[in-house]
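Work through three short exercises on the open and enclosed spaces of one protein. Have the structure open as you go.

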Amino acid sequence: MKQIDIDTGWSVLQDVHDEGEYLKLYNDPDLTDIGPQISQWEPIEALKHLQLLFAQHPYWGRELRYFNEAPWWYRNIITLNEETDTNRYTLRFTNVDYYAKVWFNGKLVACHEGYSLPFECDVTPFVHHGDNTLIVKVWSPWDPSVRDNASQERTHLVERQLIKGTYEHSDGLIARDVNPVGIYGNVCLIKQQESFLTGETRISTTLDGSTGKVTLKGRLIGPEASLTLSITAPDGSSVRKEQYQVNGDFEISMTLNDALPWWPWDQGEQNLYTLRLSIDGNENLCRKIGFRTVELIRTHNQTQFRINGLPFYVRGTSYFPDVYLSAMNKARYERDIKAIKAAGFNLIRVHVHVENPEFYDLCDRVGIVIIQDSEYNWTQPKSEDWERRFITIFRDTVAVLDRHPSIICWICLNEPGCDDMVQGTQSYAMTTSPGPQIYKVITEFDRTRPAIKGSFCSDDIYSGDSHNYCGSLEAPDKPYTDIDGTREKLNTEFGFDAPGAAANLESVGLPSRITQELTKLTPSLQHYQSRLTKYYIEHYRCQKNRPNWGYVQFMFIDLCPQSFYGLLDWKGTPKPAYNELKAINQPIGVFFEQTAHCIKSIKAVNDSNRILANVEVSWKIVDRDAGTKAESHTTITLGNGDVTDVSTLDITDNGHRWDAELCLQDLSGTVIAKNTYTDIFNHPQHPKGHPNRISHEYGIRLYSI
């Protein structure tokens, strides 16, 4: 097998009247005469989303909408200085966003929908010696229809024909006019041997006791061939090697005795095996795999993950690092994942999109668990065609990502009740289409992982998680302390958006009239984000297994310069909430169990597999106004996975300023966990102007004092 990369040498044009197919542009004629109004070909420096190549400000601005008003055409010339009669040739794309048609030497060879899945086509009949012309038409259109013509709620009710998650989100997450379009990733022409694998070979693993099993499903093109499957252990030693004779569609399996399990980073080692597959002696693929079991126990009182048979408490964050996935690279992923782990998170929810392959490989290696969303978000057409397309794309996504041990759960639908508030979360999507169909398909297609049917449908037995924006998006006139007394089984969204570093925001070119006004409010917004985040997390951790089994903060990093939900801003600079969270989000923590006006007790929580015997918990509580201080300590044993009541307290809000410090340390004096509180009962008010007003051209909230 020989691969010819086609990542350079591309030219593009925008077909502003969408006449290219009628004029047979795929035959590469010169149509720059006055009549047809077709632009000349323009060379591009790299394969990225077109907004990144041509827009001065790709994250906001009215000119961005024009990128999606008409299709784009790509052209490349592939020169083959070899005879082609005896070879097979496959053309492969890793990413085209969103629709595409592909012509090779004037012949239509592929049609495509999506952005995250690779696709390929056989061009053998059309390849010749010398110059070969590759033409691709790409478009990612806007959707005109709004459910029930409710234009006043277009943000939530636009019927998204594209299976593309959050585009046209327009609520402070992604600007109204941003809809990525273009070819990115890798394009290549593969000269194949006589027999070869086509498409993506699905790799699945299971673990039964100490016996691991790996299964490969694929398709061989050409005559029967000998496939060699080899597995190498994490320490580099050879474990198994077997040969199989295959032809056409095939399924092969191999078992491994004494398989080492893969664990999240706070539970154990990330044991990764190396799988290699060769055809007739030529290596075809090499992948990392892992073995582990996952359960999701759901009742009306519990939503609990179990990994390798042990309860797993979720300390999670959502992740969507850039609206343009072609802007991401391995270095940026490494930076983010390092910061995610340092902050104590053990899980990432990949929010209504699919990341690049490097991301999943890094999570496998580092031990960060993943909940993977589908592309369903809010409102989609009520049609059998859309349902079929959606199910096909998500099922194919599951097949491609199947080998990653870090992925422990699929989410079929995100917030499926938002367009059907009369019926609440039991909406058309959950009861009629596509919820029942997609849940059935995914749970049958992948029997090794659970699936959540509808995220935020906490009372649905096939879902079980909640979203809570009290004090934020929900009832902004109410304080975040209104979560007092609530009991959530598993929260998969909560948070508040606050701007990041002013210098970073100003450096990306937003109008000064917006950034200067926002800069005045940034300290109070960041303070509110910190206090809300701390209050929520401690609320959940003190309820561990009574009934809470975790939380997912929304979200880790701003996905564009003017979207502020992250703990880090778009350039990666931490906001104050990140540093606050690092202290309270680790596997072992010590907290006040409190309400808005009362501290009830001190609790120590252990999410790790360590047993902490004879550790000391000390506390110091200061009433600044009265000038009094109380100090005490006690020794406890904190079992793995335990929540321990350290001491009962009865401290009420008397209008004074209370500060406190809690510390958990071992007998040598090494600090294991520490927590500080400043002005405990002074809960900041919800900032005025949030969240309802937004500059839609710039995609930034319009805060008011």
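**Exercise 1.** Find which helix gives the most to the lining of the second largest pocket, then describe that pocket.

Solution.
- Step 1. Helix H2, residues 154-157, gives the most, with three residues. Keep in mind that this is a predicted model.
- Step 2. Take the volume: the second largest pocket has about 820 Å³.
- Step 3. Go to its centre. Of the 30 lining residues, the closest to the centre are His 156, Asp 171, Trp 378, Glu 415 and Leu 473.
- Step 4. Sort the lining by class: 11 residues are nonpolar, 12 polar and seven charged.

**Exercise 2.** State how much space lies in the largest pocket, and trace its lining.

Solution.
- Step 1. The largest pocket holds about 1,300 Å³ of space.
- Step 2. It is lined by 47 residues, and Arg 92, Thr 94, Glu 200, Arg 287 and Pro 357 are the closest to its centre.
- Step 3. Look for elements that give two or more residues to this lining. Among them are strands S5 (88-104), S10 (196-208) and S14 (282-289). Helices H4 (357-366) and H5 (384-401) also qualify.
- Step 4. Classify the lining: 20 nonpolar, 16 polar and 11 charged residues.

**Exercise 3.** Count the cavities of 30 Å³ or more in the whole structure, and characterise the largest.

Solution.
- Step 1. The search finds six such cavities.
- Step 2. The largest cavity has a volume of about 140 Å³.
- Step 3. Its lining has 15 residues, with Tyr 115, Lys 164, Pro 180, Phe 320 and Val 323 the closest to the centre.
- Step 4. By class, the lining of the largest cavity has nine nonpolar, three polar and three charged residues.

How values were computed: Residues numbered from 1 in each chain as written. Predicted model: local features only at pLDDT ≥ 70, side-chain atom pairs only at ≥ 80, totals over all residues. Heavy atoms only, no water. 1 Å grid on protein atoms, 1.4 Å probe; cavity = no way out; pocket = protein on both sides within 12 Å on 5 of 7 lines; lining within 4 Å. Points joined across faces, edges and corners; volume = space filled by probe spheres on them. Helix = DSSP H or I, 4+ residues; strand = E, 2+ residues; numbered from the N terminus. Nonpolar A, V, L, I, M, F, W, Y, C, P; charged D, E, K, R; others polar.
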